[in-house]
Amino acid sequence: MKTTYTTRNGHRTDGTHTEPFVYQLDRVSKIYGSGNYRVAAIEDIDLAIRPGEFVTVVGASGSGKTTLLQLLGALDRPTSGSIACLGRGLANMSERELTLLRRRHIGFVFQQFNLIPTLTAHQNVEAKLAVTGRDMGGDRLRELLAAVGLEGRANHLPSQLSGGEQQRVAIARALSTNPSVLLADEPTGNLDTTTGHEILQLLRTLSSEYSQTVILITHDRELAAAAPRTIELRDGRIAWWREHHLAPPAPVA
Ligand SMILES: Nc1ncnc2c1ncn2[C@@H]1O[C@H](COP(=O)(O)OP(=O)(O)O)[C@@H](O)[C@H]1O
Ligand SMILES: [Mg+2]
């Protein structure tokens with residue numbers, strides 16, 4: 001009898017496609033403190049994210065956005081409920097296994113760009129690959145920098161780049177390991193409105209052109225609305241969600 005197994009991308013070896021969820025959350029809560037100091041940062045969240053989705057999470061300050069992202073990023077464990085990433089339950093995984101999951105499958109982008117100031121744009125991405133023990137040919141690295149709109153900026157130091165350009169380097173760095181999902185916590189928080197929209201458009205284009213799964217957190221409703229699917233958090237709970245279809249974005253120049 002021939003055995004069938006499922007590859008990382010959800011393709012069975014018999015040619016059928018299973019499309020596992022990138023994330024499945026079942027009644028997930030994260031409680032800080034206890035008694036009078038009890039804070040339910042995330043409470044009873046059910047959520048499923050499909051491969052290639054671009055989802056924005058919106059909510060006021062303190063609504064639980066960062067807590068949710070840290071749970072998705074396997075940087076923290078829930079108080080109760082279960083989280084599966086790529087079909088694997090996180091609860092049973094050791095710290096070492098969670099580290100490997102993060103390294104292989106998850107790319108992070110934050111409000112702070114966290115670039116190494118003495119390294120060029122190109123070298124910042126290269127340094128990340130060195131840490132993860134991977135090598136990407138110089139041509140592919142250049143392609144990646146071009147894909148985020150940094151052609152001609154590869155040899156600039158962070159201090160020679162605008163905020164928007166620095167965030168593009170951080171995005172290229174996060175994507176260099178070809179992660180299954182990109183998690184972005186307020187990536188536009190340090191940028192002016194126009195630049196913030198450009199970064200959002202870039203992520204959206206990367207999502208549609210490369211089927212990159214992206215989960216982006218923002219407190220900016222207008223930004224959030226530009227995504228095909230938006231979830232609003234209020235006091236740690238999902239207050240509402242919306243899904244709609246948009247015209248495909250313009251290709252990256
Ligand atoms: N380590 C922590 N200890 C205690 N309370 C926390 C901790 N982290 C977050 N919180 C609380 O959880 C709630 C959600 O915080 P957070 O996820 O950072 O919200 P957001 O990112 O939407 O601003 C807030 O009330 C916050 O004060
Ligand atoms: Mg936050």
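For the classes used here, Ala, Val, Leu, Ile, Met, Phe, Trp, Tyr, Cys and Pro count as nonpolar, Asp, Glu, Lys and Arg as charged, and the others, Gly among them, as polar. On this basis, the shell around ligand 1 in the predicted model is made up of three nonpolar, eight polar and one charged residues. The residues concerned are Y32, G33, V39, A41, G59, S61, G62, S63, G64, K65, T66 and T67. Two elements, β2 and α1 (65-72), each give two or more residues to this shell. The largest share, three residues, is that of α1.

The protein as a whole contains seven helices and 10 strands. Of its 253 residues, 35% count as buried. Among contacts between residues at least 6 apart in sequence, 67% join residues at least 24 apart.

Strands of a sheet pair through backbone hydrogen bonds, in either a parallel or an antiparallel sense. One open sheet consists of four strands in the order β2-β1-β4-β5, with antiparallel pairing. Strands β2 and β5 (88-89) stand at the edges of this sheet and have a single partner strand each, so one side of each is left without a neighbour in the sheet. Strand β1 (residues 23-32) is joined to β2 (residues 39-49) by seven bridges, the two strands running antiparallel. Within this pair, Y23 has I49 of β2 as its bridge partner, and Y32 has V39 of β2. Both Y32 and V39 also belong to the shell around ligand 1. Six residues lie between the strands of the β1-β2 hairpin, where G33 adopts a positive phi near 65 degrees. G33 is likewise one of the residues around ligand 1. With β4 (residues 80-85), β1 forms five bridges, again in an antiparallel arrangement.

Residue S29 illustrates the surroundings of β1, the strand in which it is placed. In the pairing with β4, S29 stands opposite S80. Leaving aside residues up to four places away in sequence, S29 touches A40, I42, E43, D44, P78, T79, S80 and G81. S29 has 17 C-beta neighbours inside 10 Å and therefore counts as partly exposed, given that a residue is buried at 20 or more such neighbours and exposed at 12 or fewer. S29 and L71 are 42 residues apart in sequence, and their C-alpha atoms are 9.7 Å apart in space.

A further open sheet is formed by six strands in the order β6-β7-β8-β3-β9-β10, and its pairing is mixed. The edge positions are taken by β6 (106-110) and β10, each with a single partner strand, so one side of each is left without a neighbour in the sheet. From one strand to the next, the twist averages 15 degrees. Strands β3 (residues 54-58) and β9 pair in the parallel sense over four bridges, with V55 standing opposite R229 in β9. By contrast, β9 (residues 229-234) pairs with β10 in the antiparallel sense, over six bridges. In that pair, I231 stands opposite W241 of β10. The hairpin of β9 and β10 has two residues between the strands, and D235 takes a positive phi near 50 degrees there. Strand β10 (residues 237-243) is hardly covered, the count of buried residues among its seven residues being zero.

Two helices lie across strands of the six-stranded sheet. Helix α5 (residues 163-175) lies across β6 and β7 (181-185) and runs at about 165 degrees to β6. Helix α6 (residues 193-210) lies across β3, β7 and β8 (213-218), running at about 160 degrees to β8.

Packing between helices is described by the angle between the two axes and the distance between them. For α3 (residues 121-131) and α4 (residues 138-147), the angle is about 115 degrees and the axes are 11 Å apart. The crossing of α3 and α4 is right-handed. In the contact, A121, H122, V125 and E126 of α3 meet L141, L144 and L145 of α4. These residues divide into five nonpolar, one polar and one charged.

Key. Residues are numbered from 1 along each chain as its sequence is written. Chains are lettered from A and ligands numbered from 1 in the order in which they are written. This is a predicted model: local features need pLDDT of at least 70, side-chain atom pairs count only at pLDDT 80 or more; totals for chains, interfaces and linings use all residues. Two strands pair if DSSP finds at least two bridges between them. A residue is near a molecule or strand if its C-beta atom, placed from the backbone, lies within 6 Å of it. Axes are lines fitted to C-alpha atoms, for helices over the stretch in contact, and angles run from 0 to 180 degrees between N-to-C directions. A crossing is left-handed if the near helix is turned anticlockwise from the far one by less than a right angle, and right-handed if clockwise. Two residues are in contact if their C-beta atoms, placed from the backbone, lie within 7 Å.
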